[in-house]
2 protein chains.
Amino acid sequence: MNDAAQIRIDLDASTPVNRQIVDQIRTLLVEGALPAGADLPSVRRLATDLGVHFATVADAYRTLAEEGWLEISHGRSARVLPRRAPVAGPDAGDVFRRRLRQLVAEARSQGVAAKEIAGELASLAKGVIA
Amino acid sequence: MNDAAQIRIDLDASTPVNRQIVDQIRTLLVEGALPAGADLPSVRRLATDLGVHFATVADAYRTLAEEGWLEISHGRSARVLPRRAPVAGPDAGDVFRRRLRQLVAEARSQGVAAKEIAGELASLAKGVIA
DNA sequence: TATAGTGTTTATAAACAGTATACAGTGAGT
DNA sequence: ACTCACTGTATACTGTTTATAAACACTATA
């Protein structure tokens with residue numbers, strides 16, 4: 001990762017910072033922006049860039065390592081592993097469906113236009129296949 | 001709400017129970033399954049149905065009341081309010097877009113097939129407009 | 001073999017989530 | 001009016017999670 005410009009933290013959000021970091025880096029990993037073999041910034045470096053404590057970043061790295069995305073070992077910097085998608089659990093699709101429904105409902109509840117939501121869903125649907 | 005069969009709590013999930021309740025009831029509200037004027041089950045009733053403490057349900061109701069969905073007052077049961085979608089904040093669309101991307105990435109990371117994800121997105125896109 | 005880099009461990013404080021229990025308002029039946 | 005069974009509320013308490021801090025240990029390299 002050249003810099004941390006692609007990650008943005010909201011300290012006022014209800015989702016905790018460690019999970020914000022995990023979610024955003026995982027997204028970059030899935031989308032291929034962080035290819036296998038790439039070095040991640042050190043926990044201290046990323047932490048100061050994001051304005052949080054480095055232990056919080058270390059925790060996020062550990063979570064991603066447990067998911068099989070990163071290789072972390074003591075004195076060396078974290079590195080992206082080659083990773084094949086695991087076989088999905090039997091209800092992973094159901095969980096996704098439910099959470100997606102809830103996310104859309106929340107956006108609608110906040111006043112996001114139905115057309116905008118639908119457009120975003122449709123365009124992302126194309127992107128996932130490509 | 002006739003019964004609580006439409007709500008399901010996962011005590012092992014990482015998202016706290018109070019938010020699970022809020023998210024699921026909000027989804028029912030947005031989708032019209034709980035129309036304005038409907039009475040919600042009492043906090044004790046729903047709590048025993050879900051297997052949690054009634055104060056947790058009360059907390060969820062309070063959150064939904066703050067969002068403008070419910071009217072709650074002391075000795076009376078909670079009631080669904082008529083509610084117009086608020087004007088969306090300037091970056092509500094951006095937040096939705098980002099969270100949607102992350103949700104899809106997480107599903108892919110867990111091995112949900114790209115075709116299944118795309119299909120779900122597309123079908124929901126149609127549903128939102130209808 | 002220093003030394004400056006890396007992640008780890010342990011401890012701490014604060015916020016959050018969930019529960020228990022006592023309280024207070026409401027309304028229907030008497 | 002009264003009462004009783006119902007409603008939500010307030011407070012206190014417990015365990016968990018989050019984020020930080022500081023001391024630690026490993027690695028690479030000059």
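The legends below describe close-up views of a predicted model.

**View 1. The two protein chains, A and B, superposed.** A turn of 180° with a shift of 0.0 Å along the axis lays chain B on chain A with an RMSD of 0.1 Å. This is how copies are related by a two-fold axis. Of the interface residues of chain B, 100% are also interface residues in chain A, so the two copies meet through the same surface.

**View 2. The contact between chain A and chain B.** Chain A gives 40 residues to the contact and chain B gives 39 residues. On the chain B side, helix H1 (17-30), helix H4 (92-109) and helix H5 (114-129) each supply at least two residues. H4(B) provides the largest share of that side, 15 residues. By class, the side of chain B that touches chain A has 22 nonpolar, eleven charged and six polar residues.

**View 3. Helix H4 of chain B and its surroundings.** H4(B) consists of 18 residues and reaches 26 Å from its first C-alpha to its last, close to the 26 Å expected at 1.5 Å a residue. Its buried residues are Phe96(B), Gln102(B), Val104(B), Ala105(B), Glu106(B), Ala107(B) and Arg108(B). The buried residues of H4(B) pack against H5 of chain B, and also against H1, helix H4 (92-109) and helix H5 (114-129) of chain A. After H4(B) comes Gly111(B), with a positive phi near 95°.

**View 4. The surface near DNA strand C.** Around DNA strand C there are 22 residues, and the closest are Ser42(A), Gly75(A), His53(B), Ala55(B) and Gly75(B). Helix H2 (43-50) and H3 of chain A, together with H1 and H3 of chain B, give two or more residues to this surface. The surface near DNA strand C has nine polar, nine nonpolar and four charged residues.

**View 5. The surface near DNA strand D.** DNA strand D has 22 residues around it, of which Val17(A), His53(A), Ala55(A), Gly75(A) and Ser42(B) come nearest. Chain A contributes through helix H1 (17-30) and helix H3 (54-66), and chain B through helix H2 (43-50) and helix H3 (54-66), each with at least two residues. Nine residues of the surface near DNA strand D are nonpolar, nine are polar and four are charged.

**View 6. Helix H3 of chain B, with its buried and exposed residues.** The 13 residues of H3(B) reach 18 Å from first C-alpha to last, close to the 18 Å expected at 1.5 Å a residue. Val57(B), Ala60(B), Tyr61(B) and Leu64(B) are buried in this helix. These residues lie on the same side of H3(B) because they cover an arc of only 100° around the axis. The cover over the buried residues of H3(B) includes H1, H2 and strand S1 (70-71) of chain B. On the face turned away from the buried side of H3(B) are the exposed residues Ala55(B) and Glu66(B). Gly68(B), just after H3(B), takes a positive phi of about 90°.

**View 7. Leu46 of chain A.** Leu46(A) is placed in helix H2 of chain A. There are 24 other C-beta atoms within 10 Å, so Leu46(A) is buried; 20 or more are needed for a residue to count as buried. Between Leu46(A) and Arg98(A) the separation is 52 residues in sequence and 33 Å in space, C-alpha to C-alpha.

Conventions
Residues numbered from 1 in each chain as written. Chains lettered and ligands numbered in written order. Predicted model: local features only at pLDDT ≥ 70, side-chain atom pairs only at ≥ 80, totals over all residues. Near = placed C-beta within 6 Å. Helix = DSSP H or I, 4+ residues; strand = E, 2+ residues; numbered from the N terminus. Nonpolar A, V, L, I, M, F, W, Y, C, P; charged D, E, K, R; others polar. Contact = placed C-beta atoms within 7 Å. Expected span 1.5 Å × (residues − 1). Buried ≥ 20, exposed ≤ 12 C-beta atoms within 10 Å, placed from the backbone. Arc of directions from axis to C-beta. Least-squares fit on C-alpha atoms with pLDDT ≥ 70 in both.
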